[in-house]
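Welcome! Below are some exercises to work through at your own pace. Try each task on the structure before you read its solution.

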2 protein chains.
Amino acid sequence: MEKKELFVREEILGSNKKIAAEIRRKLEQESILTINFLSSPGSGKTALLERIAETLKPRHQMAVIEGDIETERDAERIRQKGVPAWQITTGGACHLEAKMVARLISEIPAETHFLFIENIGNLVCPASYDLGESLRCVLLSAPEGDDKPKKYPKAFATADCLIITKSDLIPFVPFDLERAGNEALDINPDLRIFVTSALQPRGIAELVRYFIESRVNMIQRHA
Amino acid sequence: MEKKELFVREEILGSNKKIAAEIRRKLEQESILTINFLSSPGSGKTALLERIAETLKPRHQMAVIEGDIETERDAERIRQKGVPAWQITTGGACHLEAKMVARLISEIPAETHFLFIENIGNLVCPASYDLGESLRCVLLSAPEGDDKPKKYPKAFATADCLIITKSDLIPFVPFDLERAGNEALDINPDLRIFVTSALQPRGIAELVRYFIESRVNMIQRHA
């Protein structure tokens, strides 16, 4: 990267960090657990959110901020599940930034328990931008291959949990679950790993339990 | 994007464009057709290159420049096919730039017919950087979903051909081939579309024929 570009980028990241800290402080105070979903395009973020919505619904309120370069499609899919959703279309930009999330914060209903942010489909750039989340989850779909953690290390290094998606496809693709998990743990030994399929569905209850426990821990931390 | 960032980015894109034009001029003069492969992580760029190598090998010389954030894995896979390959590891940067390619140009054997550049797995940022290629191909794997062209339009708008990969998985995923093709053609009516599977393999011969014809056309254009 060129020097001038590096300098401007450092400035932007610094200002992003401050805004993110403020978002996190505000949302955690309101007992809202915010979860940032990072992944490649098409690894199943929206489908997983649809399953999570069905599982959380009877007892918990959730809301979703959808990030996309173009189209309102993902927010519409989430709204069809009866979940409030806001679409951010970046019109070209390859990641969400905290200031984009900050503009929406006042619209999040006070009774929300979980705020999910679906980032732009991009396993590289979003990893550098804190959005004020309390939990960061990186998704890796089985057909993407088990060699991705070491090729795209930052997303895995900065995440709290790894969600393997589309596990129903494992019989049809060269994907070694153990290798994928071990590569990710080499980069980040604290990573919690969940194996899911949105189509089957499989592994959703365990994942939702983790979110609920994380929220309880967050509330206790602030008590 | 902030004003300062935009300004620096315009400068970089301008300088990239000049270097790219110089690369294209030089390689086309040497009758080398350069092909830039763009896609999400894990959509099967390297596996497709392995199949292309097997199909081209008896009569044509190819070489590969591999772009990755970390690891030499992809270049090693290509070298195992007896194809010269150079790995560019960007150490974090989300796309290749023309200047990275320019540094390697003198090492490309003179007898090369096809130079493939496998870009960083990222459907967003690489679309903005001309690498001096004569053909740009965007890959979309079936499990990524048929709704990707309109969500990530720039890669599809700037490509010459769309390669649907992992078509062997179509029976197991919600992917409508016609919808994917129509969305892509809405964005770019001149797009050539190929349907392939590296595992089966399927559609490789048609794709290779397109590359060979494109090279013949390029040579005639310069004659």
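The exercises below go through helices, aromatic rings, the nonpolar core and a few backbone details.

This is a predicted model, in which local features need pLDDT of at least 70 and side-chain atom pairs count only at pLDDT 80 or more, while totals for chains, interfaces and linings use all residues. Residues are numbered from 1 along each chain as its sequence is written, chains are lettered from A and ligands numbered from 1 in the order in which they are written, and side-chain values use heavy atoms, leaving out hydrogens and water.

**Exercise 1.** Find which residues of α8(A) are buried, and where they lie around the helix axis.

*Solution.*
Step 1. Locate the helix: α8 of chain A covers residues 204-222. Helices (H or I, at least four residues) and strands (E, at least two) are DSSP runs, numbered from the N terminus.
Step 2. Check the length: these 19 residues reach 27 Å from first C-alpha to last, close to the 27 Å expected at 1.5 Å a residue. The expected span is 1.5 Å times one less than the number of residues.
Step 3. List the buried residues: Ile204(A), Leu207(A), Val208(A), Tyr210(A), Phe211(A), Ser214(A), Arg215(A) and Met218(A). Buried means under 20% relative accessible area, exposed over 50% and partly exposed in between (1.4 Å probe, protein chains only).
Step 4. Look down the axis of α8(A): the buried residues fall within an arc of 150°, so they line one face of the helix. The arc is that of the directions from the helix axis to the C-beta atoms.

**Exercise 2.** Describe the ring pair of Phe116(B) and Phe211(B).

*Solution.*
Step 1. Start with the total: over all chains there are 11 aromatic pairs. Rings of Phe, Tyr and Trp (its six-membered ring) pair if their centres lie within 6.5 Å; planes under 30 degrees apart count as stacked, over 60 as edge-to-face and the rest as tilted.
Step 2. Classify the pair: the centres of Phe116(B) and Phe211(B) are 5.5 Å apart and the planes meet at 70°, so the pair is edge-to-face.
Step 3. Place the partners: Phe116(B) belongs to strand β4 and Phe211(B) to helix α8 of chain B, so the pair ties together parts that are 95 residues apart in sequence.
Step 4. Check the surroundings: both Phe116(B) and Phe211(B) are buried.

**Exercise 3.** Which residues touch the most other members of the largest nonpolar core?

*Solution.*
Step 1. A nonpolar core is a set of buried Ala, Val, Leu, Ile, Met, Phe, Trp, Tyr and Cys residues joined through side-chain atoms within 4.5 Å.
Step 2. Among the 88 residues of the largest core, the answer is Ile65(A), Leu162(A), Ile65(B) and Leu162(B).
Step 3. Take Leu162(A) as a sample: leaving out residues up to four places away in sequence, its contacts (heavy atoms within 4.5 Å) include Val138(A), Phe156(A) and Phe194(A).

**Exercise 4.** Is Pro201(A) buried or exposed, and what is the peptide bond before it?

*Solution.*
Step 1. Pro201(A) sits in the loop between β7 and α8 of chain A.
Step 2. Its relative accessibility is 52%, so Pro201(A) counts as exposed.
Step 3. The bond from Gln200(A) to Pro201(A) is cis, with omega near -25°.
Step 4. Turn to chain B: a cis peptide bond joins Gln200(B) and Pro201(B), with omega about -25°.
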